[in-house]
Structure formats: C-alpha cells, structure tokens
Amino acid sequence: MQVIHSIAELRRALARQSQTVFVPTMGNLHEGHLSLVREAKRRGGPVVASVFVNRLQFLPHEDFDRYPRTLERDVELLTGVGCNFVFAPDEAELYPKPQVYKVAPPAALADILEGEFRPGFFTGVCTVVLKLFQCVQPAVAVFGQKDYQQLKVITEMARQFALPTEVVGAPTVRADDGLALSSRNGYLGESERHEAIALPQFLRDLADRARDTGTSLAALEKAALDGLRARGWSPDYLTLRRRSDLLPPTDAERQAHEPLVTLGAARIGATRLIDNIEC
Ligand code: AMP
C-alpha cells in the first residue's frame, strides 16, 4: 500500500489506474471505516482511502483540535484490509490558501437536523468532498449510512454537478450492544459508554412506533426527547423523517408504509453522538 501526502504525487500514482474506488475518512479508523474499504474492494477497482481532518466542517467550539489523529495505526489497519493507496494530505497541502470557493448545499436538505445544530457543517463537508473527488477522480465513492444526512447531501451534490462518481452507501457497523461505532466513542468514560446505547434504543423505540398514528408524531418525539433528558442526556433532535427528503412524514405516509428513518443527535457528557435507524 502506498501512502501519499501531496496532490501532485497522488495524481502521478493514479494516472495509470482506472475505475478507482474512494473511501474518504477523517482517520482514527475503526471497523465501520474498514467495512467501507471492504465494500470498496468488492467493487473491484484500486481502492484509495483518504485521511484528513477537515477544519471547514467544525464549528469554532467543536473538537477540531482534540479530534484523534492516529495516522500510523490507520495505515496499518488500511494495509490489513487491502487498501491500495492512502491519501493523507496535511492542511497546508489541501488548503494552501483559505478555501474561499465553497459548495453551498440547499437549505431544505442541509440546514435541517445536523445542519440546524451545526450551521455550515454540510458546506464544509461538500467542499472537502468535492475537492477530494477532484484529487482522486474516483468512479465510485463509498460513504457510511451512519451519517445518513451526509450520504444524502453528497449523493445530491454528485447528481447536481453531474460528477462522474457513483456515490454508494454502506450499512452502519455497531458494537455488540448496538452502539454505532464512531471515532467519538473514544471520548466516552466507562459509565458514559454503558449509557450510550440509550441513543440507538430510543431511535429503535421511535421506529417501532412509526406506524402507530394513534399518537401524534410531535408527542412521540417529545416523549423520546424527554426520556433521554431524564437519563442525563442533552439531545439536539430525535425525529422520524421520510427517507426521500428527510422531512416529516404525514400521518397518511406513516400508515402507507412510506420508507422512513429515525434520526438522532444527543450529547452525553461532553460527547455528541449521532445515529439513525431505517423503518
Ligand atoms: P468519519 O471519519 O467519521 O468522517 O467517517 C468516514 C466515513 O466512515 C463516513 O462515510 C462515515 O459515514 C463512515 N462511518 C463512520 N462510522 C461508521 C460506522 N459505524 N459504520 C459504517 N460507516 C461508518
């Protein structure tokens, strides 16, 4: 496996490759990321993974500086799953000048849910993903359904700009107790780690009630938020949405088995976790 730090070197290395499959990450890799690389391998082409902590998608008070950077271990793990190239640019390489040209995704999709609580987040994500796509020029890019809204925003971006990259989603990998794997789980203390499974449990519970229109959606969501708060969490949102556009379903759609998803984000102690469950 070749580890590459500059765009020029990446372009040279990939010049002789075709049908490249790309897995963008922020590093501190776990089984969730590795499952994306395995999915990429199944698609046959040479696999490029990127490791880059993207400042543009962090708010000033968020964890950019303390976000774990573990490149040596990441390279070992990527080697172990048969990744062919790792692109690990530093900030001065990817953003030699302030990135003043940015991709602004539509508010209807990007200013709700994560975008409501992390303003500008999806502009940062789209901008770095478009830039990385320009560097790698992949035929296929694999993203996790763990970041459900992100997968949707990027899929739409690829469509709107007619990018020659097929965006593919891969299922969320969970620990045995149901907690979605995340680099941020490493911030959790022991008791927080035990409590953390309440997030997928509340999302499952909301999903199980999705079709029961005897109770209003607002009441179901309020009960879920109150339930998490009572356990000491600070939830940002816990909600049932249509999979198609991430807007709330009508009662008729709930009854008609429209494809839905529950999505949640909540802070336990200082750690913010997100998750989702299709239903
Ligand atoms: P990140 O390093 O957090 O930016 O994530 C990089 C990619 O890995 C994104 O496409 C995420 O959706 C995906 N990912 C993160 N956690 C998981 C997980 N538990 N299962 C599957 N994919 C994941």
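**The ligand shell and strand S5**

Tutor: Helix H2 gives the most to the shell around the ligand, with 3 residues. This is a predicted model, in which local features need pLDDT of at least 70 and side-chain atom pairs count only at pLDDT 80 or more, while totals for chains, interfaces and linings use all residues. Residues are numbered from 1 along each chain as its sequence is written, and side-chain values use heavy atoms, with hydrogens and water left out.

Student: What makes the pair between the ligand and Met26 a polar contact?

Tutor: A polar contact is a pair of N or O atoms within 3.5 Å; within protein, one must be able to donate a hydrogen and the other to accept it, and residues adjacent in sequence count only if both atoms are side-chain atoms. An oxygen atom of the ligand lies 2.9 Å from a polar backbone atom of Met26, so the pair meets that cut-off. A ligand nitrogen is likewise 2.8 Å from a polar backbone atom of Val173.

Student: Why is S5 called largely enclosed?

Tutor: Buried means under 20% relative accessible area (1.4 Å probe, protein chains only), and 5 of the 5 residues of S5 are buried, so the strand is largely enclosed by the rest of the structure. Val140, Val142 and Gly144 point one way from S5, and Ala141 and Phe143 the other way.

Student: How do you know that S5 and S6 pair?

Tutor: Two strands pair if DSSP finds at least two bridges between them; S5 and S6 (residues 166–170) have 5, in the parallel sense, and Val142 has Val168 as its bridge partner in S6.

Conventions: Helix = DSSP H or I, 4+ residues; strand = E, 2+ residues; numbered from the N terminus. Buried < 20%, exposed > 50% of the residue type's maximum accessible area, 1.4 Å probe, protein only.
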